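Here is a friendly walk through one protein model, with the sequence and coordinates to hand. Let us begin with rings and charges and then move on to cysteines, helices and loops.

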Amino acid sequence: MKRFFLLVFLLAVSSVFAVTPAEVAAYRKAAEQGDAKAQNSLGVCYRFGYGVQKDLAQAVFWYRKAADQGHTQAQNNLGVCYSFGYGVQKDLKQAVFWYRKAAEQGDAKAQYNLGVCYENGYGVQKDFTQAVFWYRKAANQGSADAQHNLGVCYYNAKGVQKDLTQAVFWYRKAADQGDAAAQCNLGVCYYWGNGVQKDLKQAVFWYRKAADQGSANAQNNLGFCYNWGYGVQKDLTQAVFWYRKAANQGHPKAREALKKLKVSQ
């Protein structure tokens, strides 16, 4: 199972979707009085343009105000800004600094983000053991992204001893929360009997879950199952349907399969 590293930083946007200008004014009043929660919320409003014109520099200004008071969501959000250069010069070391601040206070999103940084060497020396440490912290709090990544670490023996049973355990945790990558990986485990009894019908079940969410890998795998009748009745029409879905996302194996079936993309 090949792993693709994808740096996905999560923003804590609280409940400030569809914010009115009056609500922004209320956030501002509280923020100017030093309320950390309001400062973070105002930062989110500026970050996404909720009830106010989008202004990344102002987002950073208010995130920092709250972060300096120890507000964990703001610290994580400020780390995100440094990671991508939103309203501030990109600085991965500063991103790690703020992620760590929040992670050490128990913020699951920051723990996950810090794990990603350690795994990929973003702003810190690459360290799989530390990546696993922080993924586990976040995974135990229910972070599906961390659960999936922890499963991958167990599957590939990155920062931890290889343990396919543990890989399946964490994939399932994330898959049950709807994580498409984990659903696809769980399908792979069932297909090969890695860490779980081989069950092609269960493989198809999980591939379909992920494929319906747009996972190109799962769409290709589901097409393969229909092509050969693995875990499902052979159906070339369905095989082409799923191969095409994956091919349209640029999946090379799906394109190759369509060529062999002499079907256009």
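## Charges over rings

Arg47 lies over the face of Tyr86, 4.2 Å from the centre of the ring. Please keep in mind that this is a predicted model. A second arrangement of this kind involves Lys162, whose charged end sits over the ring of Tyr155 at 5.1 Å from its centre.

## Aromatic pairs

How many aromatic pairs does the structure hold? The count is 14. One of them joins Phe84 and Tyr86: the ring centres are 5.4 Å apart and the planes stand at 20°, under the 30 degrees required, so this pair is stacked. Both partners have some contact with the outside, as Phe84 is partly exposed with a relative accessible area of 35%, and Tyr86 is partly exposed as well, with a value of 26%. Tyr86 is also the residue whose ring face lies beneath Arg47.

The pair formed by Tyr191 and Trp192 has another geometry. Here the ring centres are 5.0 Å apart, and the planes are at 80°, over the 60 degrees that the edge-to-face class asks for, so the pair is edge-to-face. Is each partner buried or exposed? Tyr191 counts as buried, at 13% relative accessibility, whereas Trp192 counts as exposed, at 56%. These two residues also belong to a cluster, in which ring pairs link Tyr191 and Trp192 with Phe224, Trp228 and Tyr230.

## Cysteines without partners

A disulfide is a covalent bond between the sulfur atoms of two cysteines. In this model the count of disulfides comes to zero. Why does Cys45 not form one? The closest cysteine sulfur to that of Cys45 is in Cys81, and it is 14 Å away, which is too far for a bond. For comparison, the cut-off between two sulfur atoms is 2.5 Å.

Cys117 tells a similar story: its closest cysteine sulfur is again in Cys81, 14 Å away and too far for a bond. As for their surroundings, Cys45 is buried with a relative accessible area of 0%, and Cys117 is buried with a value of 1%.

## A helix pair

Two packed helices are described by the angle between their axes and the distance between the axes. Helix H2 covers residues 36-48 and helix H3 covers residues 56-67. Their axes come within 7 Å and cross at roughly 165°. That angle is over 145 degrees, and H2 and H3 are therefore roughly antiparallel to each other. The crossing in which H2 passes H3 is left-handed.

## Loops and backbone angles

Gly121 lies in the loop between helix H6 (108-120) and helix H7 (128-139). Gly121 counts as partly exposed, at 30% relative accessibility. From C-alpha to C-alpha, Gly121 and Val88 are 21 Å apart in space, and in sequence they are 33 residues apart.

Which phi angle does Ala157 have? Ala157 has a positive phi of about 55°, although it is not a glycine. Ala157 has its place in the loop between helix H8 (144-156) and helix H9 (164-175), where it counts as partly exposed at 37% relative accessibility.

Lys262 also has a positive phi of about 55° without being a glycine. You will find Lys262 in the segment after helix H14 (252-260). Lys262 is exposed, with a relative accessible area of 78%.

Methods
Residues are numbered from 1 along each chain as its sequence is written. This is a predicted model: local features need pLDDT of at least 70, side-chain atom pairs count only at pLDDT 80 or more; totals for chains, interfaces and linings use all residues. Side-chain values use heavy atoms; hydrogens and water are left out. Rings of Phe, Tyr and Trp (its six-membered ring) pair if their centres lie within 6.5 Å; planes under 30 degrees apart count as stacked, over 60 as edge-to-face and the rest as tilted. Buried means under 20% relative accessible area, exposed over 50%, partly exposed in between (1.4 Å probe, protein chains only). A charge sits over a ring if NZ of Lys or CZ of Arg is within 6 Å of the ring centre and within 35 degrees of the ring normal. Axes are lines fitted to C-alpha atoms, for helices over the stretch in contact, and angles run from 0 to 180 degrees between N-to-C directions. Helices (H or I, at least four residues) and strands (E, at least two) are DSSP runs, numbered from the N terminus. Angles under 35 degrees count as roughly parallel, over 145 as roughly antiparallel, 65 to 115 as roughly perpendicular and the rest as oblique. A crossing is left-handed if the near helix is turned anticlockwise from the far one by less than a right angle, and right-handed if clockwise.
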